[in-house]
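Dear colleague,

Here is the structure I promised to pass on to you. Please have it open beside this message while you read my notes.

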Amino acid sequence: LEELSMRGGDGRFIARGAYDLPRAALELDWTAERLTAVQRPDLLVVASGKGTVATNGQRIDLCGALRMDRGRVELRESATRTLGDDVVVEGRRPSGPLPERVLASQVDLTLELGDDFRLTGRGVDARLVGKVRLRTPGSAPLRAQGEIKVAQGTFEIYGRRLDIDPGALYFAGPVDNPALEIRAMRKNQA
């Protein structure tokens, strides 16, 4: 593969490497340059970085680093309601648990939030910074190491605007179980 190029927004994604069709093996070096990876009304991700991806049909390896040049995440109230796990709908077979992995994988990816990453909605308005490394050590589930902090932010509740200081998510294990440190308080009260 000489070059695979895709555009997203004002950016682009370029991959170069080799593909062995009989073995279903792929080895690529990739680069993203201000690539708009996601653009929805509630989510925008523009990223730059580089890395590698390889697969042999049985396993996929992803390594690299991405910096979020721009990000917008809007927390919205959920318009759709879901049934609880204890609700059984007659005539519908309960679905079994999802497999932990469809394809064996090895991930080592560092994500860094740049200076223009904002989280808004549900009373929160915050600029976030930080870096998190995502890894799958051996056959273990995805793990995260790092922290995301509120560089500047407010939280509005009951008509009061509170300053967030400090605010952080600390990752040191399973990606879905970070430690939370947050304090929101009124400042400059008369």
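I begin with one pair of residues, Ala 18 and Glu 27, which stand opposite each other, Glu 27 being in β3. The strand numbers follow the N terminus, strands being DSSP runs of E with at least two residues, and helices runs of H or I with at least four. Before going further, please note that this is a predicted model, in which local features need pLDDT of at least 70 and side-chain atom pairs count only at pLDDT 80 or more, while totals for chains, interfaces and linings use all residues. Residues are numbered from 1 along each chain as its sequence is written, and side-chain values use heavy atoms, with hydrogens and water left out.

Strands β2 (residues 11–20) and β3 (residues 25–40) pair in the antiparallel sense over 9 bridges, where pairing requires that DSSP finds at least two bridges between two strands. Their hairpin has 4 residues between the strands, and in it Ala 24 takes a positive phi near 55°. On the next side of the chain, β3 pairs with β4 (residues 43–55), also in the antiparallel sense, over 12 bridges; a hairpin of 2 residues joins β3 to β4, and Ala 32 has Gly 49 in β4 as its bridge partner.

Two loop residues may also interest you. Thr 136, in the loop between β8 (124–135) and β9 (143–157), counts as buried because its relative accessibility is 3%, buried meaning under 20% relative accessible area, exposed over 50% and partly exposed in between, with a 1.4 Å probe and protein chains only. A polar atom of the Thr 136 side chain lies 2.7 Å from the backbone nitrogen of Val 107. Gly 91, by contrast, is found in the loop between β5 (59–74) and β6 (104–113), and it is exposed, with a relative accessible area of 83%. Its C-alpha atom is separated by 49 Å from that of Leu 162, which is 71 residues apart from Gly 91 along the chain.

Finally, the largest pocket (on a 1 Å grid over the protein atoms alone, an open set of points where a 1.4 Å probe fits, with protein on both sides within 12 Å along at least five of seven lines; lining residues have an atom within 4 Å of a point) is lined by 21 residues, of which Leu 119, Leu 128, Ile 148, Val 150 and Leu 169 lie nearest its centre. Two or more lining residues come from each of β5, β7 (117–121), β8, β9, β10 (160–174) and β11 (179–185).

With best wishes

Key
A polar contact is a pair of N or O atoms within 3.5 Å; within protein, one must be able to donate a hydrogen and the other to accept it, and residues adjacent in sequence count only if both atoms are side-chain atoms.
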